[in-house]
Amino acid sequence: MRVVDLERTSLRELNQALHALPADTADLRWKVLNPRGMHAVAVGLDAPVSVEIEGNVGYYCAGMNQQASVLVDGNAGVGVAENMMSGVVRVTGDVSQSAGATAHGGLLVIEGDASARCGISMKGVDIVVKGSIGPMSAFMAQAGNLVVLGDAGEALGDSLYEARLWVRGQVKSLGADCIAKEATDEERQILAGVLAKAGLEGEVAAQDFQLYGSARRLYHFHIDNVDAY
Amino acid sequence: MCGIVGLFIRDPALEPRAGELLAQMLGVMSDRGPDSAGFAIYQDAPAGTLKLTLRGTAQSLEGLADGLAAALGAPVRAEPHDTHLVAQVPAAREAEARAWLAAHHPDVAVVGAGRRMEIYKEVGRPDDVARRFALPRMSGSHGIGHTRMATESAVTTRGAHPFSTGLDQCLVHNGSLSNHNSVRRTLQREGLSFETENDSEVAAGYLTWRMRQGATLKEALEASLGDLDGFYTFVVGAENGFAVLRDPIACKPAVMAETARYVAFGSEYRALAGLPGIEEARVFEPEPARVYAWERG
């Protein structure tokens, strides 16, 4: 295992070393110590390595991730795993706003709570939050699954396109054009698959979640709204 | 951008380190606000006295305390800190002291006044500003600070935060208000005066005005949710503690840490990472549109 202590090595050196890894690298396991809330830790990875970060990280940790598995043993700041394409990002604590923003693929697991705008504009990522999520989550979400074991804050799924929002607890309020939906068996199976990927098989039942999705009333221009322009 | 910090000490044993901890928090926030910096720190003064924080130049502050003491016929204890001077005057003679200053030292600004509050602010890197004012050597029960990246108005000492909102009260702000011109005009009609074109000064003036009408700090902040439009995280220092408010969509970042020894606020976790025992702190983000306040018992 490669151990990098950010009290002694610069963040740039760490990220450059991770970026330089070839696809067939033998350096498969990395540990990062003392991140102390630094921004952009382990961003832009594109190799099948696992990176364990011990402590709290700042903004954009594991952003743009591809292939890699990143574990944050602590809290993460704004935009964890934003724009992730593939791979797995797991945070043992809480995360700040815009977790998984615009992410296209991969799996983001948050073991604590996520604050505002979790999954904003998500484009295919699966996000599993074991705690609760803050207001304005999944704003303009386009694809993927946002799975919340706890509660959701105000204006969930405002201006939603086609992502599936699964909430086990209470939803404070729904945003414009977001509605509760009856899940099909196929959709429940997709949810069960996401829960299994997150390691929750047997612990959490897919039947316990309410599905929310787009009412599709904002897809096309409506003549009644002409005065708004 | 901009960085804001706050520290409220619960364990008196930590009070001698208040300035050192606040200075370090400000230093970390330099890259959110490299233009200018400022802070308010709260520490006791002798009973019956009031601290006036004055800002001028070495020349304009020279001999000022002696002149003020002679005019008031009372001793005035003065502590110079670079471009600032904290003068302790008899609390009952505040108006006289201000009138004398306006008449004899029109170039000296009263940055703030209070039983416990001192305010310092200057243009420059936050680390340098903290060092110039010897913040690391100050002790206190609590303090708030700001690192500025100017967006709404010029980079000047007057445009730096904190802005005083009244006796022992001041405000730091991260964000930008969109209706500050109309609110400023309203407040001017109500008799308030403003030194700058700065939006944050308007927020400070707004709170002053509300509290003048009888609102508590918490009520004034709650009213601001309806009257101030824009993005903001406010931290307001008061005689016995501080309060935090984020706008209804929590546009600007905020993170808090609470331990048995202190409560700390930072724009980012990085600002809190150097605090003692932070590993065991309860770290959380304040919710939008909710007033949080911590006060000494």
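These are my notebook entries on the sheets, domains and helix packings of a predicted model.

**Entry 1: ground rules.** I counted residues from 1 along each chain as its sequence is written, with chains lettered from A and ligands numbered from 1 in the order in which they are written. In this predicted model, local features need pLDDT of at least 70 and side-chain atom pairs count only at pLDDT 80 or more, while totals for chains, interfaces and linings use all residues.

**Entry 2: the two chains.** I looked up where chain A meets chain B. The contact takes 14 residues from chain A and ten residues from chain B (two residues are in contact if their C-beta atoms, placed from the backbone, lie within 7 Å). I then sorted the chain B side that touches chain A: seven residues are nonpolar, none polar and three charged. Here Ala, Val, Leu, Ile, Met, Phe, Trp, Tyr, Cys and Pro count as nonpolar, Asp, Glu, Lys and Arg as charged, and the others, Gly among them, as polar.

**Entry 3: the sheet of chain A.** I traced an open sheet of eleven strands with mixed pairing. Its order is β1-β2-β3-β4-β5-β6-β7-β8-β9-β11-β10 (chain A). Strands (E, at least two residues) and helices (H or I, at least four) are DSSP runs, numbered from the N terminus. Two strands pair if DSSP finds at least two bridges between them. β1 (2-5) and β10 (178-181) of chain A are at the edges with a single partner strand each, so one side of each has no neighbour in the sheet. Neighbouring strands are turned by 15° against each other on average, direction ignored. At one edge, β10(A) runs antiparallel to strand β11 (residues 210-214) of chain A, and four bridges join them. C178(A) stands opposite S214(A) there. Helix α2 (residues 185-197) of chain A lies across five strands, β6 (107-110), β7 (123-129), β8 (143-148), β9 (164-167) and β11 of chain A. α2 runs at about 70° to β8(A). Axes are lines fitted to C-alpha atoms, for helices over the stretch in contact, and angles run from 0 to 180 degrees between N-to-C directions.

**Entry 4: the domains of chain B.** Which residues belong to domain 1 and which to domain 2 of chain B? Domain 1 covers 3-44 + 116-295, and domain 2 covers 46-113; the bounds come from an automatic or database domain assignment. The two centres, taken over C-alpha atoms, are 24 Å apart. Their contact takes 13 residues from domain 1 of chain B and eleven from domain 2 of chain B. On the domain 1 side, strand β7 (residues 117-123) of chain B gives the largest share, five residues. That side has eight nonpolar, two polar and three charged residues.

**Entry 5: the sheet of chain B.** I found an open sheet of four strands, order β4-β5-β3-β6 (chain B), with antiparallel pairing. The edge strands are β4 (77-81) and β6 (109-114) of chain B. The twist averages 20° from one strand to the next. Seven bridges link strand β3 (residues 49-55) of chain B and strand β5 (residues 84-90) of chain B. L54(B) has L85(B) in β5(B) as its bridge partner. Helix α3 (residues 64-72) of chain B packs on the sheet, touching β4 and β5 of chain B. Helix α4 (residues 94-104) of chain B also packs on the sheet, and touches β3, β5 and β6 of chain B.

**Entry 6: helix pairs of chain B.** How do α3(B) and α4(B) pack? They pack at an angle of about 125°, with axes 10 Å apart. They are therefore oblique to each other (under 35 degrees counts as roughly parallel, over 145 as roughly antiparallel, 65 to 115 as roughly perpendicular and the rest as oblique). The crossing is right-handed; a crossing is left-handed if the near helix is turned anticlockwise from the far one by less than a right angle, and right-handed if clockwise. G67(B), L68(B), A71(B) and L72(B) of α3(B) meet E96(B), A97(B), W100(B) and H104(B) of α4(B).

Next I checked helix α6 (residues 180-189) of chain B against α7(B): their axes come within 9 Å and cross at roughly 40°. That crossing is left-handed. Residues in contact include R184(B) of α6(B) and W209(B) of α7(B).

Last came helix α7 (residues 199-212) of chain B with helix α8 (residues 217-227) of chain B, whose axes come within 9 Å and cross at roughly 125°. I noted a right-handed crossing for α7(B) and α8(B). Y206(B), L207(B), R210(B) and M211(B) make the α7(B) side of the contact.
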